[in-house]
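I opened this notebook to record what I looked up in the structure, beginning with the aromatic rings and then turning to the helices.

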Amino acid sequence: MASDSSFDVVSKVDRQEVDNALNQAEKEIAQRYDFKGVGASIEWSGETTVVIKANSEERVTAVLDVFQSKLIKRGVSLKVLESSEPKASGKEYRMESEIKEGLSQEIAKKIGKIIRDEGPKGVKSQITGEEMRVSSKNRDDLQEVIALLKGADLDVALQFVNYR
């Protein structure tokens, strides 16, 4: 009897690529003429939070745009970045952006529902922690599920790993 083929659906971020994008954004902000004298900066605050500071709301969003363009160039999906609104803090404006990782229970259930409703018959999905295992007897069905999930409009960046 043939064994099941499977793969895992995960949402992970390459921390090194995010760090490189942040460093590139920092260099560009330091060199650009329109950021001179506005106190614009971008830096890590803890493990998963990026803090952006400047003297006006427009400058804070401009720094965020620079950071997002650097993330895109490095192949990091913008779905991993969750930014708050700019807040006034004394004479400067601050914005915090959170780097999201892992599948929440709610997203995993949504993915399971998509697989059950629209996926091929005989495909099973199982939630384990922050990832989801999808298995089937037929490898073509798994390819179909991957294509289905890539086309789905979800709020997270999905990767498909451990395909066997």
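**Aromatic rings**

I looked up Phe160 before anything else in this predicted model, and I found that it is partly exposed, because its relative accessible area of 23% falls between the limits of 20% for buried and 50% for exposed.

I then searched for ring partners and noted that the structure holds two aromatic pairs. In one of them, Phe7 and Phe160 lie 5.8 Å centre to centre with 75° between the planes, an edge-to-face arrangement. I traced where these partners sit and saw that the pair links distant parts of the chain, since Phe7 belongs to strand 1 (residues 5-10) and Phe160 to strand 9 (residues 159-161), 153 residues apart.

Is Phe7 buried or exposed? I found Phe7 buried, with a relative accessible area of 0%. I also noted that Tyr163 joins Phe7 and Phe160 in one aromatic cluster.

**A charge over a ring**

I checked Arg15 next and found its charged end over the ring of Trp44, 3.9 Å from the ring centre.

**Two helices**

I turned to helix 1 (residues 15-31) and helix 2 (residues 57-73), which pack with their axes 8 Å apart and at an angle of about 135°. That angle is neither over 145 degrees nor within 65 to 115, so I recorded helix 1 and helix 2 as oblique to each other. The crossing of helix 1 past helix 2 is right-handed.

Which residues meet there? On the helix 1 side I listed several, among them Val18, Ala21, Leu22 and Ile29, and these residues meet a helix 2 group including Val63, Val66, Phe67 and Leu71.

Technical notes
Residues are numbered from 1 along each chain as its sequence is written. This is a predicted model: local features need pLDDT of at least 70, side-chain atom pairs count only at pLDDT 80 or more; totals for chains, interfaces and linings use all residues. Side-chain values use heavy atoms; hydrogens and water are left out. Rings of Phe, Tyr and Trp (its six-membered ring) pair if their centres lie within 6.5 Å; planes under 30 degrees apart count as stacked, over 60 as edge-to-face and the rest as tilted. Helices (H or I, at least four residues) and strands (E, at least two) are DSSP runs, numbered from the N terminus. Buried means under 20% relative accessible area, exposed over 50%, partly exposed in between (1.4 Å probe, protein chains only). A charge sits over a ring if NZ of Lys or CZ of Arg is within 6 Å of the ring centre and within 35 degrees of the ring normal. Axes are lines fitted to C-alpha atoms, for helices over the stretch in contact, and angles run from 0 to 180 degrees between N-to-C directions. Angles under 35 degrees count as roughly parallel, over 145 as roughly antiparallel, 65 to 115 as roughly perpendicular and the rest as oblique. A crossing is left-handed if the near helix is turned anticlockwise from the far one by less than a right angle, and right-handed if clockwise. Contact means heavy atoms within 4.5 Å.
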